[in-house]
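Work through the exercises below with the structure open. Each task is followed by a solution in steps.

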Amino acid sequence: MRPLGCCGVSPRWCVCLFAIALTLSFGVVTGAPPLRERIDEIIERPANGIPPPLANDAEFLRRAYLDLRGVIPGAAEAREFLADKSPDKRTKLIDRLLAAPEYPRRMREVFSVMLMERLGADAAWDQYLEESFKANKPWDALVREILRGDEGENGALRGSMFFYTKRLENYGQNPVDKDGLARDIGRLFLGMDLQCAACHNHLFIKDYKQQDYQGLFAFIEATSLQPGGKPSLLEGLLTKRREFNSVFKPDEKHATGPRLPGGEEVAIPVLKKGEEFAVPPDPRKRTGGVPKFSPRRELAERLPRPDNAAFKRNIANRLWWLMMGRGLVEPLDQHHSENPPSHPEALALLGDELAAMKFDMKVVLRELALSRTYQRTSTIPAGQKVPRETFLVANEKALSAEQLARSVMQATGPVGHAARVPSDGHASRVSHEKALADFLKAFANPPRDPEIEFRPSVKAALFMSNSDLVVSWLEPKDGNLTDRLSKMSDARQLAEELYLSVLSRLPTEEETSALAAYLAKRQDNRVQAVKNLAWSLLASTEFCVNH
Amino acid sequence: MHQSLCKPWEHRLSRRQLLGTAGAAAGALTVGGLGGLVQPTVADAMKRKHKQVLFIWLDGGLSQLESWDPKPNTQFGGPFRSIATSIPGVQISELMPRMATKMHQIALIRSVCTQDNSHSAGVARIQRGDPKNRGVTYPYFGSAVAKLLGPGDSGLPPYVWVKPGSGGFIHQDAGFLGAKYGSLAFGDGKPPENLLRHKAVSQRDDEERNELRAAANKRFAEKRRPEANDANSYVYDVAQALMRRQDLFDESKVPAKDWDRYGRTEFGRHLLIGRRMLEAGITFVKVNSYGWDTHGDNFNGHRSLVPKVDQAVAALIDDLIDRGLYASTLVIMMSEFGRTPRINGHVGRDHWPEAWSVMMGGCGLKAGAVVGKTNALGTFVAGDEHDIGHLFHTWFAALGIDSKQEEYDNNGQPLPIAHDDCHAIKELLA
């Protein structure tokens, strides 16, 4: 066995995670410094008073746009921001992005990928999520609706049922994977992957008990898909506790009713025969009835609550991951005592603040975006290695297929082209949707494969290289990037427009002269030279990660 | 009660890994640069003569009784006869007349006894070598070989998979080695989408724009952590290499007599494509055949399936020998288990991991070796049983890899490349 040493961190920034043993919760104290400052204090503590540098304006601008709008800024916006001399321009930008109509769309995409893991698409689900983010619906309310799985008054919440209905379908030749549904509830809302505790206590994670898995399963045991018609849910009667035994000890019988991991078991009421339903099933109308005791409703009431520690830390960790490119706990669904957070205080603080702010995600995302931790540069000082979980150097994030599609569109299109939600006529919307679908096919992970880290593929590289779509976007047309650049005679001006349009920053001297040299070499075909230059940046690592 | 039984490779992170150092944990979820060898020089030593693997996977379960270990005229023997082979005293099923003439050029083991009789778990369990459970997801054999032998100098991806149905990049095969050791699957042997250089982009422009891309990436990577750029550059490099070898997918270049020799069947075609991938220098080529799960009508099923495989594999061995590739190419043909001696009510045979056979040949193996045997009825192994772990050790040894010394380095966690309690089967090795 090789010693597991302290991994080549420069002593200046050496972070000894084990030293942070005490979990102090600041709680919510009136008059306390803003959340962002408390976070920065925790993160910067190991830097011994020499916090590493912040991102420059261009790096920050691109990052904030991608995170909060889901697309890179246009060249004009980049120019304007870089020229702006006001000291609070970063704060103003964050507030503008959070108030913009693209923010709910971006959040819908983030949470749809997070909660559905590319299992399928559903217009009603998309609409439900987007409207929820438009109204800044608190996370606990959102989760309550999703877990309740009711269509609401006049079907207003119909879209929220997709979380259940999609998972209760057969897929391929496989039977309905209800275990998968129970597992996903644990993973996505509690940050606990209890899969391995389905048949026995987890072999390696002492916190994950079979009883936890079985108790969670009991909440959805009676739920199934209503056959026929539009997908909707049926909840039957749960009349007895769920019996189980470990596959290792088949003779020891156990039982549990619905119960959250580590929580109180919900007593199953004894109801007289014939009196179990609030609304009895109607075989003629083919409705399943509404049981008086609904374990699913119990789940929806009990899980998303501020006193549920797992619920709080899960969303705190996922929002942190979204903004910082890495969870405080990784993997995101492996919260347990033997897998401590990199910064226990930060996770506790964020969870408590979220609860104190009634799970207002926008406020918390704003605080995170304003923190120095978020605004760190992703460049590493020469010769140094800074572990990702120190958050002292910004972590690169993968771009989702949606972010990439919009950003390539933005970069290659006419000025201001894709920054808007397309509403300017049917044709543009159709081509927009088609482009998105092509990018999804090339860049999205397969179903059930969480999109957490940057994982490029040969398929995607071939798509960027040879697809009709990307090639066509580089053809000169109506003031698009190639058109604009081809008309510029000055290499410096061309370099500036290209770099601002694609990479949202100004070129370095080295880059400008390399570009000029290439243009000189390709005097035979200026348009082609411009296309090659533009493509080289679109396919570059700098473009396809959020750094 | 539970349809999704807990699978060993779902135990993703060991306690040790979770408690690892900051640096170790940091690398755990990134792409590229993962799981380096403890002794990286081995891959260099291998380069002198690049070794390759052809892995033929008969998905669903080849019946040993209708192929390598027939028991004619016994209780469970079924209707087929056995025939003599090129090795005196060794008989195989009459469904494999061509392979019978190749017996002195291949090696056979008839004492395979494995642990899993379900497909869903069994396929991965066998292809991952069923190592001791350490809470990590082991790589498939293809990913393991891609890692241990490297890509060679072809520039092509080290692990490709010719299969019926759809293709794509199957990163799950790689386990903890990281996505880049996954397989590139050619569905129905067809090239991946967008492989052809776009007609609007000339060869010169494609080269130039990729040079510009590489230069941009180099500048970016100078001041950044290497992982993202390594991974992104790698996929573009592979894409470029594949684009240069479009001829591999041009079946019009294959002489008609080759199609005839391999048989004009789906499997014959796929195996021939597989041979061309080997000729192109790809380290590990997997060729799949589906439809072997003969719970019903086992005998008609095998009468239809086995001769197709017999013809194609015999032609392949001839070709590898002709081209001087056989000595450096390990050929393996197997399933996730054998089939039950007992014949069920649907005239079928069910899953039987207790006693089955695996064929192999070529690189590092003793030609003509026939190892292990089953009892008279074919129900169980008589004598030493050999698990998939023994086979992994044997194959690694055949490829010149010391599986008792070599280890993976999974972010600081040293892991044996094959089951610790198993060992190579010496009788199979040259």
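The model is predicted.

**Exercise 1. Domains of chain A**

Task: How far apart are the C-alpha centres of domain 1 and domain 2 of chain A, and which kinds of residue make up the side of domain 1 that touches domain 2?

Solution.
- Step 1. The C-alpha centres of domain 1 and domain 2 of chain A are separated by 36 Å.
- Step 2. To locate them, take the bounds from the domain assignment: domain 1 covers 30-104 + 307-397, domain 2 covers 168-302, and domain 3 covers 400-546.
- Step 3. Contacts link 14 residues of domain 1 of chain A with 12 residues of domain 2 of chain A.
- Step 4. On the domain 1 side, the touching residues are 4 nonpolar, 7 polar and 3 charged.

**Exercise 2. The sheet of chain B**

Task: In what order do the 9 strands of the open sheet in chain B lie, and which strands stand at the edges?

Solution.
- Step 1. The order in chain B is 6-7-5-8-1-9-12-4-13, with mixed pairing.
- Step 2. Strand 6 (168-170) and strand 13 (370-371) of chain B are the edge strands; each has a single partner strand, so one side of each lacks a neighbour in the sheet.
- Step 3. Inside the order, strand 1 (residues 52-58) and strand 9 (residues 329-334) of chain B pair in the parallel sense over 6 bridges. B:Phe55 has B:Ile332 in strand 9 as its bridge partner.
- Step 4. Now add helix 11 (residues 298-322) of chain B, which lies across strand 1, strand 8 (284-289), strand 9 and strand 12 (356-362). The helix runs at about 170 degrees to strand 9 of chain B.

**Exercise 3. Two residues with positive phi**

Task: Is A:Asn48 buried or exposed, and is B:Asp130 buried or exposed?

Solution.
- Step 1. Phi is near 50 degrees in A:Asn48, a positive value in a residue that is not glycine. B:Asp130, also not a glycine, has a positive phi of about 45 degrees.
- Step 2. A:Asn48 sits in the loop between helix 1 (35-44) and helix 2 (57-68) of chain A. B:Asp130 belongs to the loop between helix 5 (119-127) and helix 6 (141-149) of chain B.
- Step 3. A residue is exposed with 12 or fewer other C-beta atoms within 10 Å and buried with 20 or more. A:Asn48 has 11 such neighbours and therefore counts as exposed. B:Asp130 has 23 and is therefore buried.

Conventions
Residues numbered from 1 in each chain as written. Chains lettered and ligands numbered in written order. Predicted model: local features only at pLDDT ≥ 70, side-chain atom pairs only at ≥ 80, totals over all residues. Pairing = 2+ DSSP bridges. Helix = DSSP H or I, 4+ residues; strand = E, 2+ residues; numbered from the N terminus. Contact = placed C-beta atoms within 7 Å. Axes fitted to C-alpha atoms, helices over the stretch in contact; angles between N-to-C directions. Domains from an automatic or database assignment. Nonpolar A, V, L, I, M, F, W, Y, C, P; charged D, E, K, R; others polar.
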